[in-house]
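Reader: Could you take me closely through one part of this model, keeping to how its side chains pack? I would like a connected account rather than a list.

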Amino acid sequence: MRKDKEKVIGEPMTDEQVAAFLQARPYAGESVEQHILTRAYRGLRVQDFERFLDMFKAEGFDLNAPDAQGQTFLHSISGHAQAEAYVEVLRSAGATD
């Protein structure tokens, strides 16, 4: 990082920044929903991820779309060590295992 640039952590994201995650598209053979959810999960804080889920559903995407192994996104992250808050938000939004 350049010396004249400071790393900013914790700045609130705008709706436009959160909605940008909806534009992610997968490589061939991967579920669009799973790809978008994975990118958002990896890139957003839980409070922004919660806002994102409202946008995701409003765009007509399915929270429970299965991956190639037949697992939902919620099922795939349920075992992650620091995913508890994300799992809670997903369940509140209507996601199932």
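Author: In this predicted model, a good place to begin is Ile77, which, leaving aside its neighbours within four places in sequence, is in contact with Tyr41, Ala83, Tyr86, Val87 and Leu90. Ile77 and Leu90 also appear in the largest nonpolar core, which has 26 residues, and they are among those that touch the most other members, together with Phe49, Phe52, Leu53, Phe56 and Leu63. Two or more residues of this core come from each of helix H2 (32-43), helix H3 (46-58), helix H4 (73-77) and helix H5 (84-93).

Turning to H2, its buried residues are Glu33, Gln34, His35, Ile36, Leu37, Ala40 and Tyr41, and the buried residues of this helix pack against H3, H4 and H5. At the start of H2, the backbone nitrogen of Glu33 has a side-chain oxygen of Ser31 within 3.4 Å.

The aromatic rings add a further layer to this picture, with a count of seven aromatic pairs. The ring centres of Tyr41 and Phe73 are 5.7 Å apart and their planes stand at 80 degrees, so this pair is edge-to-face; because Tyr41 lies in helix H2 and Phe73 in helix H4, the pair ties together parts that are 32 residues apart in sequence. Tyr41 counts as buried at 15% relative accessibility, and Phe73 is buried with a relative accessible area of 2%. Phe49 and Tyr86 are likewise edge-to-face, since their ring centres are 5.3 Å apart and their planes at 65 degrees, and this pair joins helix H3 to helix H5 across 37 residues of sequence. Finally, Tyr41, Phe49, Phe52, Phe56, Phe61, Phe73 and Tyr86 form one aromatic cluster.

Key. Residues are numbered from 1 along each chain as its sequence is written. This is a predicted model: local features need pLDDT of at least 70, side-chain atom pairs count only at pLDDT 80 or more; totals for chains, interfaces and linings use all residues. Side-chain values use heavy atoms; hydrogens and water are left out. A nonpolar core is a set of buried Ala, Val, Leu, Ile, Met, Phe, Trp, Tyr and Cys residues joined through side-chain atoms within 4.5 Å. Buried means under 20% relative accessible area, exposed over 50%, partly exposed in between (1.4 Å probe, protein chains only). Helices (H or I, at least four residues) and strands (E, at least two) are DSSP runs, numbered from the N terminus. Contact means heavy atoms within 4.5 Å. A polar contact is a pair of N or O atoms within 3.5 Å; within protein, one must be able to donate a hydrogen and the other to accept it, and residues adjacent in sequence count only if both atoms are side-chain atoms. Rings of Phe, Tyr and Trp (its six-membered ring) pair if their centres lie within 6.5 Å; planes under 30 degrees apart count as stacked, over 60 as edge-to-face and the rest as tilted.
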